[in-house]
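Me: I would like to go through a protein–DNA model by question and answer. Please put the structure up.

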Amino acid sequence: MRIGERKRIIIHVDMDHFFTAVEERRHPEFRGKPVIVGADPKGGKGRGVVSTCNYEARKFGVKSGMPISRAWKLCPDAVYLPVNYELYEKVSREIMNILRKYADKFEQWSIDEAFLDVSSRVKSYEEAEILAKKIKREILERVGLSCSIGIGPNKLVAKIASDYHKPDGLTVVRENEVEKFLSPLPVRKLLWVGWKTEQKLKKLGIKTVGELANFDPSMLIEVLTKHILQNSNS
DNA sequence: CATGGTGGTATT
DNA sequence: AATACCAC
């Protein structure tokens with residue numbers, strides 16, 4: 001650590017099934033039913049993909065990014081809605097304006113996710129957890145939506161932590177818990193490890209984060225630079 | 001049959 | 001500029 005550098009505490013906020021949650025907010029009659037936002041299914045013949053689905057739809061096996069025709073086969077009785085970006089962006093701005101207040105450094109990551117560096121606002125992870133609960137309550141009361149939050153010493157860990165308990169989750173990973181937390185997770189959870197990289201790592205017999213790096217940082221960097229992956233490809 | 005749209009980084 | 005990843 002360089003002189004003057006402090007340990008950081010990062011909060012990652014991820015809205016729960018954002019697009020469908022916004023739709024349910026203005027259509028209470030949809031609550032409790034499977035709701036799918038995405039391309040027009042056209043009775044099973046539609047093209048395009050599922051953008052977001054709520055948890056009732058996920059019970060039928062529907063997932064984000066899935067072809068809408070497959071979603072139709074799995075759950076023809078769901079409420080199908082087109083993507084209303086203007087509306088979601090308006091709600092997103094309301095949420096981001098709330099979150100911004102709590103951060104020294106604020107980074108919007110997508111329409112429904114953001115990183116908050118709260119290092120100088122809190123003195124401990126306990127305080128960060130209290131702040132996170134306050135944030136969740138404010139978004140629920142003022143916007144009417146729930147979110148999941150992860151707290152960690154860096155953005156990678158905070159983002160993975162927010163995904164750990166969903167929906168309406170709050171997961172705290174302290175510095176001394178990072179290795180224990182990450183080790184058993186599939187490599188796919190890491191940022192920058194998508195489908196292609198996952199397949200290449202699988203050929204090397206690497207499925208978990210622990211296997212990937214064995215927590216030798218130089219090994220982690222080396223693998224992620226992808227030179228090893230390209231050389232071992234096919 | 002069965003894969004959108006947009007924006008980002010890295011490499012060549 | 002093109003390619004190939006990645007993210008939501």
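The turns below go through the chain, its DNA strands, one helix and one loop residue.

Me: What kind of model is this, and how are residues, chains and side-chain values handled?
Reply: Residues are numbered from 1 along each chain as its sequence is written, and chains are lettered from A and ligands numbered from 1 in the order in which they are written. Side-chain values use heavy atoms, without hydrogens and water, local features need pLDDT of at least 70, side-chain atom pairs count only at pLDDT 80 or more, totals for chains, interfaces and linings use all residues, and the model is predicted.

Me: What percentage of the residues in chain A is buried?
Reply: Chain A has eleven helices and eight strands, where helices (H or I, at least four residues) and strands (E, at least two) are DSSP runs numbered from the N terminus. Buried means under 20% relative accessible area, exposed over 50% and partly exposed in between, with a 1.4 Å probe and protein chains only. Of the 234 residues in chain A, the buried share is 43%.

Me: Which side chains have an N or O atom by a phosphate oxygen of DNA strand B?
Reply: A residue is near a strand if one of its heavy atoms lies within 4 Å of it, and DNA strand B is surrounded by R47, G48, V49, G65, P67 and S69. A polar contact is a pair of N or O atoms within 3.5 Å; within protein, one must be able to donate a hydrogen and the other to accept it, and residues adjacent in sequence count only if both atoms are side-chain atoms. Phosphate oxygens of DNA strand B lie 3.4 Å from a polar side-chain atom of R47 and 2.9 Å from one of S69.

Me: What percentage of the atoms of DNA strand C within 4 Å of the protein belongs to sugar or phosphate?
Reply: Thirteen residues surround DNA strand C, the closest being S110, D112, K159, G194 and T197. The side chain of D112 has an N or O atom 3.2 Å from a sugar or linking oxygen, and a polar side-chain atom of K159 is 3.0 Å from a phosphate oxygen. For DNA strand C the sugar or phosphate share is 100%.

Me: Which element gives the most residues to the surface near DNA strand C?
Reply: A polar backbone atom of K196 is 3.4 Å from a phosphate oxygen of DNA strand C. Two or more residues come from each of strand 5 (105–110) and helix 8 (195–203). The most, three residues, come from helix 8.

Me: Why do the buried residues of helix 5 lie on the same side, and what arc do they cover?
Reply: Helix 5 (residues 125–142) has 18 residues and reaches 25 Å from first to last C-alpha, close to the 26 Å expected at 1.5 Å a residue, the expected span being 1.5 Å times one less than the number of residues. Its buried residues are Y125, A128, L131, A132, I135, K136, E138 and I139. They are on the same side of helix 5 because their arc, taken from the directions from the helix axis to the C-beta atoms, is only 165 degrees.

Me: Which exposed residues are on the other side of helix 5?
Reply: The buried residues pack against elements including strand 1 (10–15) and helix 4 (85–100). On the other side of helix 5, the exposed residues are I130 and E141.

Me: Which residues does P41 contact, leaving aside neighbours within four places in sequence?
Reply: P41 is in the loop between strand 2 (35–38) and strand 3 (50–53), and is buried at a relative accessible area of 8%. With contact meaning heavy atoms within 4.5 Å, the partners of P41 are G46, I68, W72 and Y80.
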